[in-house]
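User: I should like to go through this structure by question and answer, beginning with its charged contacts.

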Amino acid sequence: LNDPDIQIQQFVIEGALLPSIEEVVVKTKADLIIMGRTGTGSLYDKLIGSVATKVALEGPCPVLIVPPQFIAKPLQEVVYATQLEFDESAVLDKVVPLMTTMGGRLTFLKIDSLMQADRKDDQVFIDQIIQRYQMSAEDIITSSSGDVVEGLEEYCQTIKADLLIVS
């Protein structure tokens with residue numbers, strides 16, 4: 001990235017993985033951790049990665065997990081999975097400017113599923129996203145599926161998404 005506002009650093013550290021990562025994140029005030037995964041282990045670990053899973057679940061900031069088959073290319077289609085159930089501005093305040101800098105199209109996707117609680121009026125959050133981030137209503141998609149993960153996968157495959165963001 002050729003943006004003076006984005007600083008990228010890489011580290012090689014000895015020690016227990018999670019505490020070492022947390023130490024570097026705190027010391028550098030990092031906004032994002034980017035790490036790879038091997039795809040070995042349980043089914044969930046194959047999807048996300050066992051070490052990557054621990055860092056994503058317990059880490060001090062957002063984590064971008066890169067699968068082993070990833071081929072670097074510009075991000076054109078980025079999907080942000082949302083529940084439209086709570087204020088996500090703390091995450092979106094970082095995601096939206098990053099996507100603006102990278103030049104990719106950002107789509108918000110909510111999957112309606114019988115397995116997913118739907119307690120709050122989606123339109124309240126849709127209006128908040130549109131107003132706060134100058135998004136278009138066409139950038140916020142609601143789709144139905146029997147399963148949230150299947151719905152996310154189907155939509156991402158349909159639009160050939162380069163990146164799926166789940167917070």
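Analyst: A salt bridge is taken here as a side-chain nitrogen of Lys or Arg within 4 Å of a carboxyl oxygen of Asp or Glu. The model under discussion is predicted.

User: Which side chain meets that of Arg 105 in a salt bridge at 3.4 Å?
Analyst: The cut-off for a salt bridge is 4 Å, and the N to O distance of this pair is 3.4 Å. Arg 105 belongs to strand S4 and its partner to strand S3, so the contact ties together parts that are 28 residues apart in sequence. The partner is Glu 77.

User: Which residues are linked with Arg 105 in a network of salt bridges?
Analyst: Besides the bridge to Glu 77, the side chain of Arg 105 meets that of Asp 139 in a salt bridge of 3.6 Å, N to O. This second pair links distant parts of the chain, with Asp 139 in the loop between H5 and S5 and Arg 105 in strand S4, 34 residues apart. The residues linked with Arg 105 in the network are Glu 77 and Asp 139.

User: Is Asp 139 buried or exposed?
Analyst: Burial requires a relative accessible area under 20%. The value for Asp 139 is 16%, whereas Arg 105, at 36% relative accessibility, counts as partly exposed. Asp 139 is therefore buried.

User: With which residue does Asp 122 form a salt bridge?
Analyst: The closest N and O atoms of the pair are 3.0 Å apart. The contact links distant parts of the chain, Asp 122 in helix H5 and its partner in strand S4, 12 residues apart. Asp 122 is buried, with a relative accessible area of 14%, and the partner is buried at 2%. That partner is Lys 110.

User: How many salt bridges does the structure hold?
Analyst: Those described above include Arg 105 with Glu 77, Arg 105 with Asp 139 and Asp 122 with Lys 110. The total for the structure is six.

User: How far from Glu 88 is the nearest side chain of opposite charge?
Analyst: Glu 88 is placed in the loop between S3 and H4. Glu 88 is buried yet has no salt bridge, and the nearest side chain of opposite charge is that of Lys 110. Since a salt bridge requires a distance within 4 Å, this pair does not qualify: the distance is 9.4 Å.

User: With which side chain does the side chain of Glu 88 make a polar contact?
Analyst: Beyond its neighbours within four places in sequence, Glu 88 is in contact with residues including Ala 81, Thr 82, Gln 83 and Ser 167. The polar contact has a distance of 2.6 Å. The side chain concerned is that of Tyr 80.

User: In what order do the four strands of the open sheet lie?
Analyst: Strand S5 (140–144) and strand S6 (163–166) stand at the edges, each with a single partner strand, so one side of each is left without a neighbour in the sheet. The twist averages 30° from one strand to the next. Within the sheet, S3 (residues 77–81) and S4 (residues 105–112) pair in the parallel sense over five bridges. The order is S5-S4-S3-S6.

User: Which residue in S4 is the bridge partner of Val 79?
Analyst: Val 79 falls within the range of strand S3, residues 77–81, and S4 covers residues 105–112. The bridge partner of Val 79 in S4 is Thr 107.

User: At about what angle to S4 does helix H6 run?
Analyst: Helix H4 (residues 89–102) packs on the sheet, touching S3, S4 and S6, and its direction makes about 140° with that of S4. Helix H6 (residues 148–159) lies across S3, S4, S5 and S6. The angle of H6 to S4 is about 145°.

User: Which residues of strand S1 point to one face and are buried?
Analyst: In a regular strand the side chains alternate between the two faces of the sheet. Along S1 (residues 33–36), Ile 34 and Gly 36 point to the other face and are not buried. S1 pairs with strand S2 (residues 63–66) in the parallel sense over four bridges, and the partner of Ile 34 in S2 is Leu 64. The buried residues are Ile 33 and Met 35.

Conventions:
Residues numbered from 1 in each chain as written. Predicted model: local features only at pLDDT ≥ 70, side-chain atom pairs only at ≥ 80, totals over all residues. Heavy atoms only, no water. Pairing = 2+ DSSP bridges. Helix = DSSP H or I, 4+ residues; strand = E, 2+ residues; numbered from the N terminus. Axes fitted to C-alpha atoms, helices over the stretch in contact; angles between N-to-C directions. Contact = heavy atoms within 4.5 Å. Buried < 20%, exposed > 50% of the residue type's maximum accessible area, 1.4 Å probe, protein only. Lys, Arg positive; Asp, Glu negative; His and termini not counted. Polar contact = N/O pair within 3.5 Å; in protein donor to acceptor, adjacent residues only side chain to side chain.
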